[in-house]
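Welcome, and please take a moment to look over the sequence and the 3D view below. A guided walk through the fold comes right after.

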Amino acid sequence: KFLDMSATDDGRPVAKRVILIRHGHSIYNAWRQKSINRCTCFCDTYEGGCDAPLSGKGQQQVQQLRDAGFMSDLRREVQLVVTSPLVRAIETARGAFTDVSVSDAHGDGHASAYRPFVALPSVAERLDTACDIGTPKSMLEQTYKDIDFSLVDEYWWYGGRENSADDGLHHEREPWAACHMRVDQTFQWLAARPETCIAVVGHSSFFQAMTGSCMKMPNCGIMEISVGNGDA
């Protein structure tokens, strides 16, 4: 699925590097861990609202990712940064690939990006809990002025505006079939891009569906795959 071995005129495979990066620890992740520690994960209800941002721990993880030795090479090689429109992914992408400070990655300033940043709804997390319900495009554009939201609809998440209760507690979960359809759309979009090295900042369940892995990526974990023109 991930590597198109069709050859170019000089016999080399046609493929591009795609770097998958999971977002940092979010306030939902923090709530989830506490509920597991209390053995109440099956009866507690998450009440942290929609579109969970990074937690303090998550900001530290993004800073560690940014400071990692291999990231200096990766920042030179990556030609395009694609991010889920969910805030925790945007904050991770901005913290890892721009000169904005990690603690200000949620801010409203214009970061100095060394390559284009594009928000792509098809790489959002499978909508399961309230934290996976997104923020309207118009609000995201006001906050993150350095990101291209041209591919994002106003109410872009599964179910749209009707699936965005104010309390975040009553919502429709996204069927796995719909998530896998987004995976196919993502591969087609990536294969059609002209760049040869693309970073995608997203989410654990979506990346599992994308890679077929049974392992959940850790927060700020990285996996590299190859996508060829044959996937388009």
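What follows is a tour of the model, from its confidence to its sheet, its helices and a few single residues.

**How to read the model**

This is a predicted model, in which local features need pLDDT of at least 70 and side-chain atom pairs count only at pLDDT 80 or more, while totals for chains, interfaces and linings use all residues. Residues are numbered from 1 along each chain as its sequence is written, and side-chain values use heavy atoms, with hydrogens and water left out.

The pLDDT score is the predictor's confidence in each residue, on a scale from 0 to 100. Its average over the chain is 84, and 76% of the residues score at least 70. Over residues 1-9 the score stays under 50. For that stretch the model has 26 contacts beyond four places in sequence, a contact being heavy atoms within 4.5 Å.

**The sheet**

Helices (H or I, at least four residues) and strands (E, at least two) are DSSP runs, numbered from the N terminus. Two strands pair if DSSP finds at least two bridges between them. Five strands form an open sheet in the order E3-E2-E4-E1-E5, and the pairing is mixed. E3 and E5 are the edge strands, each pairing on one side only. On average, neighbouring strands of this sheet are turned by 25 degrees against each other, direction ignored.

The table lists three of the strand pairs, each with a pair of residues that stand opposite one another.

| Strand pair | Sense and bridges | Opposite residues |
|---|---|---|
| E2 and E4 | parallel, four bridges | Val82 and Val200 |
| E1 and E4 | parallel, six bridges | Ile21 and Val201 |
| E1 and E5 | antiparallel, six bridges | Leu20 and Met223 |

E4 has further partners to look for: Arg22 stands opposite Gly202 in E4, and Val81 has Ala199 in E4 as its bridge partner.

How much of E4 is covered? Six of its six residues are buried, where buried means under 20% relative accessible area, exposed over 50%, and partly exposed in between (1.4 Å probe, protein chains only). In a regular strand, side chains alternate between the two faces of the sheet. In E4, Cys197, Ala199 and Val201 point one way, and Ile198, Val200 and Gly202 point the other way. E1 is largely enclosed by the rest of the structure, because six of its seven residues are buried.

**Helices around the sheet**

Helix H4 (residues 87-97) packs on the sheet and touches E1, E2, E3 and E4. The direction of H4 makes about 160 degrees with that of E2; axes are lines fitted to C-alpha atoms, for helices over the stretch in contact, and angles run from 0 to 180 degrees between N-to-C directions.

Helix H6 covers residues 176-192. The expected span of a helix is 1.5 Å times one less than its number of residues, so the 17 residues of H6 should span 24 Å, and its end C-alpha atoms are 25 Å apart, which agrees. The buried residues of H6 are Cys179, Arg182, Val183, Thr186, Phe187, Trp189, Leu190 and Ala191. Among the elements that cover these buried residues are strand E1 (16-22), strand E4 (197-202), helix H7 (204-211) and strand E5 (222-227).

**Three residues to find**

Ser84 sits in the loop between E2 and H4. With 0% relative accessibility, Ser84 counts as buried. Beyond its neighbours within four places in sequence, Ser84 is in contact with residues including Ala89, Ile90, Leu120 and His203. Its side chain also reaches the backbone nitrogen of Leu86 at 3.1 Å. That is a polar contact, a pair of N or O atoms within 3.5 Å; within protein, one must be able to donate a hydrogen and the other to accept it, and residues adjacent in sequence count only if both atoms are side-chain atoms.

Thr211 belongs to helix H7. Is Thr211 buried or exposed? At 16% relative accessibility, Thr211 counts as buried. A polar atom of its side chain lies 2.9 Å from the backbone oxygen of Phe207. Thr211 and Met223 are twelve residues apart along the chain, and their C-alpha atoms are separated by 9.5 Å.

Val62 is found in helix H2 (residues 56-67). Val62 is buried, with a relative accessible area of 0%. The C-alpha atoms of Val62 and His25 are separated by 8.8 Å, although the two are 37 residues apart along the chain.
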